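Subject: Structure for your review

Dear colleague,

Here is the structure we discussed. Please look through it first; my notes on the helices and sheets follow below.

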Amino acid sequence: MSYKDPIIHIDEQLCTGCRRCAAVCPVDAIIGEPGHPQTIDAHRCVVCGQCVQICTAYAADNESTTALRAVKLQERGQLPNVREPLFAAYSSGDIQKVKAVLADPKRFKVVQCAPAIRVSLAEEFGLPFGTLTPGKMAAALRRLKFDRIYDTNFAADVTIMEEGSELIGRVMSGERLPMFTSCCPAWVKHAETVAPELLEHLSSCKSPMQMAGALFKTYGAELDGIAPSDIFSVAVMPCTCKKFECSREEMSVNGCREVDVVITTRELASLIKDQGIDFIHLPDEPFDSPLGKYSGAGSIFGVTGGVMEAAIRTGYELITHEQIPNLQLDFVRGEEGIRTAEVQIGELELKVAVVAGLKYVDAVLAKVAEGTCPYHFIEVMACPEGCVSGGGQPKLLLETQRKIAYQARKSAVYRHDSHQKVRKSHENPDIIKLYKDFLGEPLGHTSHHLLHTKFVDRSLKEEMS
């Protein structure tokens, strides 16, 4: 199965040719002359949705356009209750499919939520930037009739167990270094497109979303006594490229899609409004166990440097068998750009780099190709400040809001981490139980079958052959 829909679109009837989208596209996939409608090079496009976030050209909202608006909302896969203007740049919606399945009592509906959703969803209901609402989000999903409310953060903890073990193995052997993270699907698609010869440098780990999907339809199915084929797996993501990722041919487990549908933060908000749920006054409710329990390390995947920080917390203790002196690793935290550091872990001086924003990665790839890249481990996130600034997040209409919103969302992520009783993935009791009862050990046979993947050459030469 492959996703035939390009996912990111520019409506030529609405596009004014201002080219603000081209200015933020990290891979130069927006094509067109100023003053004329733009088009997207689907081969280069990494589906990050930054053009969707920046677009300010929209249809006038008046009586003469009401019928046209209804048609376009249907075509875009959105619900009729959406009130925001119809912008020229948009992403394909899947909320109509989710709404239909939620009304089917025969399906067992499972949902997972990415770390960055709980710090942005409330903005769609008029609350301040960065309002942290994991409990209200879980309550809303329960009222939408999902049977299990799980959390991608749990799978982020699994990712650290697998990716951390993989990194330790590579550092000890000196093979396939540097190792890049593989959580960000836009980064993975870019690497497959422009540097297929370097794919062995990516971690073989699936993203936390796909790991969660694989566990729902195996471990979770066993716990609930449900046939995997009866489970409908929904992921709520801040990222438009997650729609592409879930449809990749290799993202299936024992013949079932790991994640059936991905919806964005904005799509979830529209569904909550469509169902008349009073989000602001919902009580705080917990996620379901065991696949909804997470550590603070799992929660910081939503910001740039978060994967690196979580990996170092666990890697330090697995290598040295001592407690890490400080859990707050400020040297990997920051904003758009590249940050580097040297971390002393026992006798090992681990050299790391964090790349925030895909436009910065090509210089790093060039050094890897030359054999001159000095780092052991490199985190790459396509969006400017990580998932909190993803293309599926609440749209920021004023440029002056952007910096304020990103900072508030990041602060909320770190606050959420600091309030967790367990802040290291390998100390999450449900992660320990998962490996004891089901997976065995990191990088073991079951883990390799369910949680690891291979990447494909998407260079133009390969596509044309």
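The expected span of a helix is 1.5 Å times one less than its number of residues. The model is predicted, and helix H12 (residues 306-320) lets us apply that rule to it. H12 has 15 residues and should therefore span 21 Å, and its end C-alpha atoms lie 21 Å apart, in agreement with the rule. Of those 15 residues, 13 are buried, so H12 is largely enclosed by the rest of the structure. Histidine 321 follows H12 and has a positive phi, near 60°.

Next, a helix pair. Two packed helices are described by the angle between their axes and the distance between the axes. For helix H6 (residues 152-173) and helix H8 (residues 208-224), the axes come within 8 Å and cross at roughly 105°. Angles of 65 to 115 degrees count as roughly perpendicular, and H6 and H8 are therefore roughly perpendicular to each other. On the H6 side the contact is made by Thr152, Phe154, Ala155, Ala156, Val158, Thr159 and Glu162. H8 contributes Pro208, Met209, Met211, Ala212 and Leu215. By type, the residues of the contact of H6 with H8 comprise nine nonpolar, two polar and one charged.

Now the sheets. One is an open sheet of four strands with parallel pairing, in the order S6-S5-S8-S11. Strand S6 (148-151) and strand S11 (261-264) are its edge strands, each pairing on one side only. On average, neighbouring strands in this sheet are turned by 25° against each other, direction ignored. Four bridges join strand S8 (residues 231-237) to S11 in the parallel sense, and valine 236 has isoleucine 263 in S11 as its bridge partner. Helix H4 (residues 95-102) packs on this sheet and touches strand S5 (108-113), S8 and S11. The direction of H4 makes about 115° with that of S11.

Another open sheet, also described as having four strands, runs in the order S7-S14-S13-S12, with mixed pairing. Its edges are strand S7 (179-180) and strand S12 (337-345); each has a single partner strand, so one side of each is left without a neighbour in the sheet. S12 pairs with strand S13 (residues 348-356) in the antiparallel sense, over nine bridges. Threonine 340 stands opposite alanine 353 in S13.

Best regards

Note on methods: Residues numbered from 1 in each chain as written. Predicted model: local features only at pLDDT ≥ 70, side-chain atom pairs only at ≥ 80, totals over all residues. Heavy atoms only, no water. Pairing = 2+ DSSP bridges. Helix = DSSP H or I, 4+ residues; strand = E, 2+ residues; numbered from the N terminus. Axes fitted to C-alpha atoms, helices over the stretch in contact; angles between N-to-C directions. Parallel < 35°, antiparallel > 145°, perpendicular 65-115°, else oblique. Contact = heavy atoms within 4.5 Å. Nonpolar A, V, L, I, M, F, W, Y, C, P; charged D, E, K, R; others polar. Buried < 20%, exposed > 50% of the residue type's maximum accessible area, 1.4 Å probe, protein only.
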